[in-house]
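Visitor: Could you take me through this model and explain how each descriptive word is earned?

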Amino acid sequence: MTTLGTPGAGSLVPDPAIPGPGTGGAGRPDSAVPWWRDAVCYEIYPRSFADSDGDGVGDLPGATARLGHMRNLGVDAVWITPFYPSPLADGGYDITDHTAVARDLGSPADFDALVERAHALGIKVLVDLVPNHTSDQHPWFREAVAADPGSSARERYVFRPGRGQDGQLPPNDWQSAFGGPAWTRAQEPDGCPGEWYLHLHAPEQPDLNWRDPEVVADFERIMKHWLDRGVDGFRVDVAHTLFKAQGLPDAGPGQHQDIHRNHLMPYYDQEELHPLFRDWRALLDSHPAPAGAVPPGERVMVAEAGIFDRERLARYVSPGEMQQTFNFAFLECPWDGAAMRDVIEESVAGMQAVGAPVTWVLSSHDVVRPITRYGGGQVGERRARTAALLMLALPGAAYVYQGEELGLPQVQLPDDRLRDPLWERSGHRERGRDGCRVPLPWEGHAAPYGFSTAAPDDCWFPQPADWAGLSVMTQENDGDSMLTLYRTALRLRRDHPASDAALKLEGPDSGEWFGFERGSGLRCVVNFGAQPLPLDDDAEVLLISAPLDGRSIPQDTAVWMTHKEYDSE
């Protein structure tokens with residue numbers, strides 16, 4: 001049997017070795033390589049991150065006060081999900097003003113302070129751009145509903161007359177991603193039922209019409225506003241949805257049931273997206289930057305594009321368009337070695353075709369947390385640790401969602417605390433995403449664990465009673481904790497930048513195990529199979545996700561190692 005390295009002294013190598021301000025976190029030292037190609041970005045969901053004023057809701061000053069956590073973790077950038085004014089029909093993604101700050105989250109001055117502090121720590125800042133829809137309370141939509149059919153106010157959105165006698169049926173068969181029809185009938189100014197408006201998500205999120213020049217111009221204004229405030233890039237929400245097929249044809253049965261058919265839907269992945277993204281890229285590459293921000297030409301856009309055809313997805317990061325696009329195929333992959341190997345190889349091949357890096361992601365504010373997704377309990381934790389080392393060893397960029405580095409599980413919240421529109425729209429069949437949005441535990445032995453000074457029941461979401469052992473403070477003093485694993489992995493990742501050579505996975509076609517060279521002498525091996533995998537004698541283990549079985553790698557374990565002959569060169 002192939003052997004793969006010998007265990008070094010100790011299973012983990014906890015070494016803070018945190019970079020100083022201005023050096024970034026996990027990026028390679030080669031300044032000729034764009035920072036975003038192998039950046040590690042940390043996602044902050046502000047309402048659940050840290051509360052500074054005791055109202056039970058996380059806010060921007062709270063995030064600023066905790067930026068040292070990201071610095072100690074060793075990330076290059078933070079992405080902040082929407083902090084804009086919102087009625088919160090969909091967790092802040094229903095926005096009434098795309099250039100303001102929600103009052104319960106802070107002020108424009110608080111945002112400026114966060115950006116200034118992050119830049120001082122060598123951390124870049126990305127914010128959410130939400131271009132597909134607004135809130136139904138947005139001034140534009142309120143004006144549209146009050147206007148007559150065919151008016152310029154309605155042209156900013158997608159209004160259409162209904163089908164059937166008296167227009168009582170929706171204009172087509174499109175279904176919302178949150179369940180139910182993607183159309184809601186508006187009441188006309190005279191009080192009678194009238195046209196229908198499109199919402200691919202919740203009814204409170206009417207879709208914008210991206211063929212209307214006023215929409216295009218306003219989002220250029222929005223982007224310039226945040227660039228002028230020092231942001232270093234944008235995460236583009238549902239980037240694949242902006243344009244809909246001309247004529248709005250029916251989509252047919254099976255909508256939202258097979259993600260691998262997403263690119264075939266008439267409301268996704270339309271050709272007109274790409275000229276728009278090229279215009280946005282030109283804007284980012286030319287608009288002046290304030291002091292402290294990255295200069296034009298170094299800003300980044302990352303697409304949230306739910307497209308699973310690798311060639312179609314690669315078009316979002318073609319030269320002159322966005323630089324990154326989340327690899328949801330990796331996130332959605334089951335815990336199976338053969339499936340994981342296929343996803344990695346296909347993802348790398350797809351991005352190499354356009355000269356872009358793969359952007360790996362294990363979790364976000366929209367999906368079940370890895371520990372729970374991979375089986376829960378000790379099995380889920382072991383696999384989540386292994387998946388983390390696999391992801392962080394792969395060449396390309398990576399995103400880490402808050403709490404992932406703490407090993408937080410998905411929380412089963414009480415029914416009366418659920419906020420996600422999926423809960424109501426599904427007729428209480430789908431609990432939605434709230435269980436991964438529970439506030440972080442920072443310190444202490446009882447809720448709210450340093451997240452807030454508010455009473456636990458008054459916090460944004462209630463925290464479990466058994467999270468004391470998962471707090472940042474507890475894990476900082478534990479050499480075998482998930483937090484130590486992430487910190488160590490990010491340090492080693494920085495010390496061993498990825499090679500420019502094409503990634504080559506080695507191992508049996510069955511996927512029982514596979515290994516690869518990251519570069520700079522670092523090799524990652526993951527064993528999915530039940531059979532322990534022996535190690536070579538000439539390799540030194542740098543990091544392991546779980547204890548070794550003597551001189552072998554047990555099932556569901558990842559190892560980072562380097563060969564002694566490489567060290568001696």
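**Values set against definitions**

Guide: Cys41 is buried, as its relative accessible area is 3%, where buried means under 20% relative accessible area, exposed over 50% and partly exposed in between, with a 1.4 Å probe and protein chains only. This is a predicted model, in which local features need pLDDT of at least 70 and side-chain atom pairs count only at pLDDT 80 or more, while totals for chains, interfaces and linings use all residues. Residues are numbered from 1 along each chain as its sequence is written, and side-chain values use heavy atoms, with hydrogens and water left out.

Visitor: How do you know how many disulfides the structure holds?

Guide: A disulfide is a pair of cysteine sulfur atoms within 2.5 Å, and the structure holds zero of them. Cys41 is in no disulfide, since the nearest cysteine sulfur, that of Cys436, is 17 Å away.

Visitor: What makes the sulfur of Cys524 unable to bond with the closest cysteine sulfur?

Guide: That closest sulfur belongs to Cys333 and is 15 Å from the sulfur of Cys524, which is too far for a bond. Cys524 itself counts as buried, because its relative accessibility is 0%.

Visitor: Why are α6 and α7 called roughly parallel to each other?

Guide: Helix α6 (residues 213-228) and α7 pack at an angle of about 30°, with their axes 11 Å apart. Angles under 35 degrees count as roughly parallel, over 145 as roughly antiparallel, 65 to 115 as roughly perpendicular and the rest as oblique, so α6 and α7 are roughly parallel. The axes are lines fitted to C-alpha atoms, for helices over the stretch in contact, and the angles run from 0 to 180 degrees between N-to-C directions.

Visitor: Which residues make the contact between α6 and α7?

Guide: Glu220, Met223, Lys224 and Leu227 of α6 meet Trp280, Leu283 and Leu284 of α7, contact meaning heavy atoms within 4.5 Å.

Visitor: Why is Pro266 counted as buried or exposed?

Guide: Pro266 counts as buried, because its relative accessibility is 9%. Pro266 is placed in the loop between β7 (233-236) and α7 (273-286), where helices (H or I, at least four residues) and strands (E, at least two) are DSSP runs numbered from the N terminus. Leaving aside neighbours within four places in sequence, Pro266 is in contact with Trp174, Lys244, Ala245, Pro249, Asp250 and Ala251.

Visitor: Where does His138 lie?

Guide: His138 is in the loop between β3 (124-129) and α4 (139-146), and counts as buried because its relative accessibility is 10%.
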